[in-house]
Every structure is written in structure tokens, then in C-alpha cells.
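Please look through the sequence and the model below before reading on, and keep both in view while the text moves from one part to the next.

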Amino acid sequence: MVVKGQSTDRAAMTVLQDSLVRLGFSIYNEPAEPERLKANFAFVKTLVSALKIDHSYDFPFDSLNMVSILPSPDHQFRIFSWHVPLDDGSYLYYGTIQLNTPDGQLKMYPLLDKTYEIDHPEQTETTASNWYGAQYYRLIPFDAGYVLLGWKGHSARMTQKVIEVLQLTPDGARLGKAIFDGDSSRNHTRMIYRYSRNARMYLDYDSTERRIVLDHLAPADEQAEGQYDQYGPDLTYDAWQLQGGVWTFTSDIPMVNPATSVDDQYNDPRKSGSHPKSGL
């Protein structure tokens, strides 16, 4: 009977996942904003229904490609995040943190996007109910909690990327912490990078060096200093290096691709003996 019950739960989760996939498609593809918002409202209710099923934490939601789902390496929680595009070029963000409970019962911290109510997001610690919304694509454990790297489409002209700090406490989720040590970021609780919507910014974690590597952003014209919708990568790279529980900033780092197993398949131009014969 236990096996049958487990099978029924998984079958129910699969049905709900199919509904979520259809609603997710509508969120991104309905031409009318009211219909996208309506689909998202139904999506949230359906996701909550799925997560309420016992042991839902073990269900991977691997067909739900429009949502970012990041499990923590220590299997303590996973974080869901997604966005809804609006007609004016801005976005609404949604998410939740689901805890991995011993009895399989649901415990979660819904993330409520209050982007426009946070006056100084780079100097503010927030909670799950006061979230500087983003869609996260990387989760990095470290001494004082976790770092989240996120994409944050912001307006019709400007995009953002975010380095967020997450801590789980007995009272809930805490977001942001002043552990960034850089010349212009001594009291920053999170790092926010603003740039042109027409540009692309690299921001990712280098696990070998235990550092976050990112494009350095600058305006194409010096007269546009501070006009972030005109910023983009300038072909140099910076890094946040983890040192003793603090993220320390280093500018203008050398960027070298790590060695891989396929490197030997390519000819080294410095070694004539490695070149194939032309046959001519």
C-alpha cells in the first residue's frame, strides 16, 4: 500500500506539472498582458497545490523549463524563481523557497517582489516578504550562507544582474548582508549591475578559484557616465574572491578558459610537429 500511495502522489505531481507547463507557456506567449497575469495567478495556485503533496521536494519538475529551480548542494532547500513580462518592458518576479522537511510536509517561504518599495536596495537587508526580485541561475554555498546570481530584466532600456546573499534562520529567510569588500561597496548588502538591455553581461562562478567572475561595465561614451542604460562590457573582467567569509573585489583580472579534456584535439600553432600533413 505504501508503494501504491507513493505512485499515486507521483502521478498527481505529473498531472500538475503538465498544467504548470501549459500555464508557463501562456505567461510568456500570450500577447495581452491581462492574460499573462491571469495565467501567472493560476500558475502560482497550481504550484502551491503541487508542493502541498507529501514529499513533493523529491519531485524534480524537470519539464518546467520556464522556471529556475536551484537545489542547495546540502539538500536543505530549493529555490524557485521566474518572471512575468509586462507591456511597458518591465517585469514582475515570483518565487519561493521550499525546505526539505524530514516528514515530507510542506514548509516554504514565498518570495514577494517589492523591488519598487526598496529605496536603497544595495544597502538594505530584506526578508522573503520584502524581496528584491530576480530569476536566479546559480546558487553558491559559502561560510555565511549562500550566494545567488540572478538576472533581473528591469525596464525597456535597462537590464540588471544581481549578486544576492541568502541565509536561512529559524525566523525565515534573510536576504542581503554587508560582506562585500570593495572600494565603492563597503556597506553593500547585495551587488546590482545595471546595463543596456541591448548588451549581454557575463556573471558566473568559477569554482576552481572560488570566485565570481564578471564583465566590467562602462558607458560607450564617457559623457554617458551614470546613464546605465548606455553601459555594456568593455572587454575587461573583474572578480569577487571569497576570502575568510568575505567577498573581496579585484579589478581587471586575466581571463583564461580552464583546461578541458578536448584541448588535445586542437593543434598548437607553436608546435610545428603537431600540425597534420596537408598531403600536397
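A pocket, as the word is used here, is an open set of grid points with protein on both sides within 12 Å along at least five of seven lines, and its lining residues are those that have an atom within 4 Å of a point. The model in front of you is a predicted one, and the largest pocket found in it has a volume of about 610 Å³. This pocket is lined by 23 residues, and those that lie nearest its centre are S184, M191, Y193, H216 and L217. Two or more lining residues are given by each of the strands β11 (191–196), β13 (211–219) and β14 (231–243), and the largest share, 6 residues, comes from β13. Sorted by class, the lining of the largest pocket consists of 11 nonpolar, 6 polar and 6 charged residues.

One residue of that lining, Y193, leads on to the core. Leaving aside residues up to four places away in sequence, Y193 touches T159, Q160, K161, I163, M201, L214, L217 and W240. In soluble globular proteins, nonpolar side chains tend to be buried together. The largest nonpolar core of this model has 20 residues, and the members that touch the most other members are V147, I163, Y193, I212, W240 and W247. The elements that give two or more residues to this core are β6, β7 (145–153), β8 (158–169), β11, β13 and β14.

The next space to consider is an enclosed one. How many cavities of 30 Å³ or more does the structure hold? It holds 1, and the volume of the largest cavity is about 30 Å³. The residues that line the largest cavity are Y91, Y93, D113, T115, Y116, K152, G153 and H154, with β3 (91–99) and β7 as the elements that give two or more residues to the lining. By class, this lining is made up of 3 nonpolar, 3 polar and 2 charged residues.

Two residues of the cavity lining, Y93 and K152, also appear among the contacts of A134, which touches S81, Y93, G150, W151 and K152 when residues up to four places away in sequence are not counted. A134 is placed in the loop between β5 (126–127) and β6 (135–142). Is A134 buried or exposed? A134 counts as buried because its relative accessibility is 0%, and the cut-off for buried is under 20%. A134 and Y94 are 40 residues apart in sequence, while their C-alpha atoms are 8.1 Å apart in space.

Strand β15 holds T248, whose side chain makes a polar contact of 3.5 Å with the side chain of Q243. Not counting residues up to four places away in sequence, T248 touches D181, A239, W240, Q241 and Q243.

The last step concerns the backbone. Most residues other than glycine have a negative phi. R210, which is not a glycine, nevertheless has a positive phi near 55°, and R210 is found in the loop between β12 (203–206) and β13. D252, also not a glycine, has a positive phi of about 55°, and its place is in the segment after β15 (246–250). Which of the classes buried, partly exposed and exposed does R210 belong to? R210 counts as partly exposed because its relative accessibility is 41%, whereas D252, with a relative accessible area of 55%, is exposed, since that class begins over 50%.

Key. Residues numbered from 1 in each chain as written. Predicted model: local features only at pLDDT ≥ 70, side-chain atom pairs only at ≥ 80, totals over all residues. Heavy atoms only, no water. 1 Å grid on protein atoms, 1.4 Å probe; cavity = no way out; pocket = protein on both sides within 12 Å on 5 of 7 lines; lining within 4 Å. Points joined across faces, edges and corners; volume = space filled by probe spheres on them. Helix = DSSP H or I, 4+ residues; strand = E, 2+ residues; numbered from the N terminus. Nonpolar A, V, L, I, M, F, W, Y, C, P; charged D, E, K, R; others polar. Buried < 20%, exposed > 50% of the residue type's maximum accessible area, 1.4 Å probe, protein only. Contact = heavy atoms within 4.5 Å. Polar contact = N/O pair within 3.5 Å; in protein donor to acceptor, adjacent residues only side chain to side chain. Core = buried A, V, L, I, M, F, W, Y, C linked by side-chain atoms within 4.5 Å.
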